[in-house]
Amino acid sequence: MFIVLIGIGALAVMLCEPHIEGRNAHATLFEIYFKDPFLAYAYIASIPFFMTLYQAFKVLVYAGQNKAFSQEAVKTLRTIKYCAIIIIGFVVLGEIFIMLSNSDDRAGGVFMGILITFSSIVIATSATVFEGILQNGMDIKSDNEQLKSKKSSIN
């Protein structure tokens, strides 16, 4: 439920913030959405974020169904890792765009980029660690099942 609320909140901020931003306060919808290439870039860059939220929701569903140690859960965590890496790439390109533009306040954008990059690194690292743990758990589970089948065939 919390993941769904994060997604709804992020979508609401993405849709409402451009209308109240300082330079867009009195702009038309056309001027807001079609004359700002950085806004279009931000919307495209948000796709991996929402994919990550969906994949996190799937991991929680697998855990609720007692399928945490399954190949689907490992694939889902791998997808989360790749989405976090893609987000880092988008942020780096956005930072380059900010640094090359004639902006009065580059520091705010750069700081936000650093925060997003750091959190994406933490998410990618966590997903990698959990992916390894689940993979090891699956290996142990399959080894135990093989031992049980050998024991039962001997008896």
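**Burial and contacts in a predicted model**

Trainee: At 16% relative accessibility, does Lys81 count as buried or exposed?

Mentor: This is a predicted model, in which local features need pLDDT of at least 70 and side-chain atom pairs count only at pLDDT 80 or more, while totals for chains, interfaces and linings use all residues. Residues are numbered from 1 along each chain as its sequence is written, and side-chain values use heavy atoms, with hydrogens and water left out. Buried means under 20% relative accessible area, exposed means over 50% and partly exposed lies in between, with a 1.4 Å probe and protein chains only. Since the relative accessibility of Lys81 is 16%, this residue counts as buried.

Trainee: How far apart in space are Lys81 and Thr128, C-alpha to C-alpha?

Mentor: Lys81 has its place in helix α4, where helices (H or I, at least four residues) and strands (E, at least two) are DSSP runs numbered from the N terminus. Leaving aside its neighbours within four places in sequence, Lys81 is in contact (heavy atoms within 4.5 Å) with Ala124, Ala127, Thr128 and Glu131. Although Lys81 and Thr128 are 47 residues apart in sequence, their C-alpha atoms are separated by 6.5 Å.

Trainee: Which helix supplies the largest share of the largest nonpolar core?

Mentor: A nonpolar core is a set of buried Ala, Val, Leu, Ile, Met, Phe, Trp, Tyr and Cys residues joined through side-chain atoms within 4.5 Å. The largest one here has eight residues, namely Tyr62, Ala73, Val74, Leu77, Ile80, Ala127, Leu134 and Met138. Helices α4 (71–100) and α5 (106–154) each supply at least two of its residues, and the largest share, four residues, comes from α4.

Trainee: Which residues does Thr76 touch, not counting those up to four places away in sequence?

Mentor: Thr76 lies in helix α4 and, at 2% relative accessibility, counts as buried. With residues up to four places away in sequence set aside, Thr76 touches Gln55, Lys58, Val59 and Tyr62.

Trainee: At which residue in α3 does a kink lie?

Mentor: Helix α3 (residues 37–64) has 28 residues and reaches 42 Å from its first C-alpha to its last, close to the 40 Å expected at 1.5 Å a residue, a span taken as 1.5 Å times one less than the number of residues. The buried residues of this helix, among them Pro48 and Tyr62, pack against α1 (2–20), α2 (29–34) and α4. The bend at a residue is the angle between axes fitted to the seven residues ending there and the seven starting there. By that reckoning, a kink of about 25 degrees lies in α3, shortly before the proline Pro48, at Ile47.

Trainee: Which residue takes a positive phi just after α3?

Mentor: Most residues other than glycine have a negative phi. In the loop between α3 and α4, however, one exposed residue, with a relative accessible area of 73%, has a phi near 65 degrees although it is not glycine; this residue is Asn66.

Trainee: How many disulfides does a search of the whole structure find?

Mentor: A disulfide is counted for a pair of cysteine sulfur atoms within 2.5 Å. Cys16 is partly exposed, with a relative accessible area of 47%, whereas Cys83, at 4% relative accessibility, counts as buried. The number of disulfides found in the search of the whole structure is zero.
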